Amino acid sequence: MEFKPHAYQAHCIRKIEEIPKLGLFLDMGLGKTVTTLTAVKDLKYNRFEVRKVLVIAPKKVAEGTWTKEKDKWDHTKMLRVSQVLGSQTKRIRALNTPADLYIINRENVVWLVDYYRNAWPFDMVVVDESSSFKSYKAKRFKALASVGPHISRMVELTGTPSPNGLEDLWAQLYLLDGGERLGKRYTQFRERYFQPDKRGSDGMVYSYEAKPGTEESILQKISDICISMKAEDYLELPEITYHQIPVVLDAKAKKAYRDLERKMVLELPEDEEEISVASAAALSNKLLQLGNGAIYDDDRNIHVVHSCKIEAFLELIESLQGKPALVFYNYQHDRIRILKALEKSKLRIRELKTTQDEDDWNAGRIDILLTHPASSAYGLNLQEGGNHVIWFGLTWNYELYTQANKRLHRQGQKERVIIHHLVCTGTRDEDVMQALERKDDVQKWVMQSLKARIKAVKEGKYFG
């Protein structure tokens, strides 16, 4: 696909190339990944200014998003990617594989720094979701800061750099400028911009609040190396931005998926023309369930197979940094597992069941509103409560899909709506996404795509 950057993307690409260490604070869905990949390609192959690029990302993003995105665009397909993931043996092998980008999950940053010690080889580092480096006490921050002098270029990507307040900015800015703008030490930063808020009976300070004028002062100081853009600021964007998040199944989950697919395909009639709509739907239904992570047996008992999509979902929620999200699930076991995964979260989570839930969402009293599209696709006005939709499980029903999205994308919505889809690579999820994008005869496409997969399975070939 040819990449035609929006004006704001062209601006960001230019700034990445001009400013050696840059904070790119773009809303989710504004194309941070392709923007950065375009600049990386130019810096390496046209300007010859970088040699080895490291991308630090959340685990599921490291597994799928960057590779999928670079393969999507004509101009970045040629970039070689090595995923530094898995066991230590696999990580070391990946580090010794010739590539343009080396992608590692943030949990292994401390290991990586220790592995190279004084021989740090990456002259450019991209920190995807830099807000995960907001704590100056965290080992990952200290490790990355220790190799700062060996990094000539850095790009920090996040939608919300200071989700819990301006205090979160210090560590992220320190990685960019070594403390030049906000102070060499966190205590200096706090003393300058904050004052005691809550104290205990012993006089100990438990929290701080920003001094008057702090936000303006900090933003002015960092404006030369940070670009902050919100989706609603860019009128050339469509009213809805569609965002696909690739989810890579682990080896065990992939085997379970392939085994089920093969078993069910072999039970179908030899003549593909004899395959009924009912049997096609049953096969698709089972495969979509398994892609989501669990499956029902004939007695409606739930069998959990993997947590790959749940992990990707949690990373997406984290990247939204507290912004409200309307979450659509497909199966009841999706709902159960999502609620369990979020039960230790500090977020305000609610299932959409009553008009009070609707009112509380619109009043900003809910962070995650969980619902099934069939029960909430029509009639509800949810546009005042947020602008992010997450499809955990996908539906073939195009009308249901569009009507569900219109719960947020309707009169009164003040921000651009961003629709996130969790799509398992190499599975029926990808066929569903193609059907929804085609917008035409979905029923016909269901059968065509199924027949293509049946043929591949019988020939011993697999997608993804």
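Select Glu191 to begin, and colour the residues from 186 to 193, because this stretch is helix H8, in which Glu191 lies. Keep in mind throughout the tour that the model in your viewer is a predicted one. Is Glu191 buried or exposed? Its relative accessibility is 61%, and since anything over 50% is called exposed, Glu191 belongs to that class. Now add Glu384 to the selection and draw a line between the two C-alpha atoms: Glu191 and Glu384 are 193 residues apart along the chain, and their C-alpha atoms are separated by 38 Å.

Next, select Pro196, which has its place in strand E7, a strand made of residues 194-199. Pro196 is partly exposed, with a relative accessible area of 36%. Which residues does Pro196 touch, if those up to four places away in sequence are not counted? Show the side chains of Val205, Ser207, Tyr208 and Glu209, and you will have these contacts of Pro196 on the screen. For a distance to set beside them, pick the C-alpha atoms of Pro196 and Glu180, which are separated by 24 Å although the two residues are 16 places apart along the chain.

Then turn to a pair of helices, selecting residues 139-146 for helix H6 and residues 169-177 for helix H7. Their axes are 9 Å apart and the helices pack at an angle of about 20°, and because an angle under 35 degrees counts as roughly parallel, H6 and H7 are described in that way. If you rotate the view so that one helix lies in front of the other, you can look for the left-handed crossing in which H6 passes H7. Where the helices meet, show Phe141, Leu144 and Ala145 in H6, together with Trp170, Ala171, Tyr174 and Leu175 in H7. By class, this contact of H6 with H7 has seven nonpolar residues, and it has no polar and no charged ones.

Finally, select the cysteines, and ask how many disulfides the structure holds. The number is zero. Why is Cys226 without such a bond? The closest cysteine sulfur, in Cys12, is 12 Å from the sulfur of Cys226, which is too far for a bond, given that a disulfide needs two sulfur atoms within 2.5 Å. Cys226 is also buried, with a relative accessible area of 11%. Move on to Cys424, which is in no disulfide either, and whose nearest cysteine sulfur, that of Cys308, is 7.0 Å away. Cys424 is buried as well, with a relative accessible area of 0%.

Technical notes
Residues are numbered from 1 along each chain as its sequence is written. This is a predicted model: local features need pLDDT of at least 70, side-chain atom pairs count only at pLDDT 80 or more; totals for chains, interfaces and linings use all residues. Side-chain values use heavy atoms; hydrogens and water are left out. Buried means under 20% relative accessible area, exposed over 50%, partly exposed in between (1.4 Å probe, protein chains only). Helices (H or I, at least four residues) and strands (E, at least two) are DSSP runs, numbered from the N terminus. Contact means heavy atoms within 4.5 Å. Axes are lines fitted to C-alpha atoms, for helices over the stretch in contact, and angles run from 0 to 180 degrees between N-to-C directions. Angles under 35 degrees count as roughly parallel, over 145 as roughly antiparallel, 65 to 115 as roughly perpendicular and the rest as oblique. A crossing is left-handed if the near helix is turned anticlockwise from the far one by less than a right angle, and right-handed if clockwise. Ala, Val, Leu, Ile, Met, Phe, Trp, Tyr, Cys and Pro count as nonpolar, Asp, Glu, Lys and Arg as charged, and the others, Gly among them, as polar.
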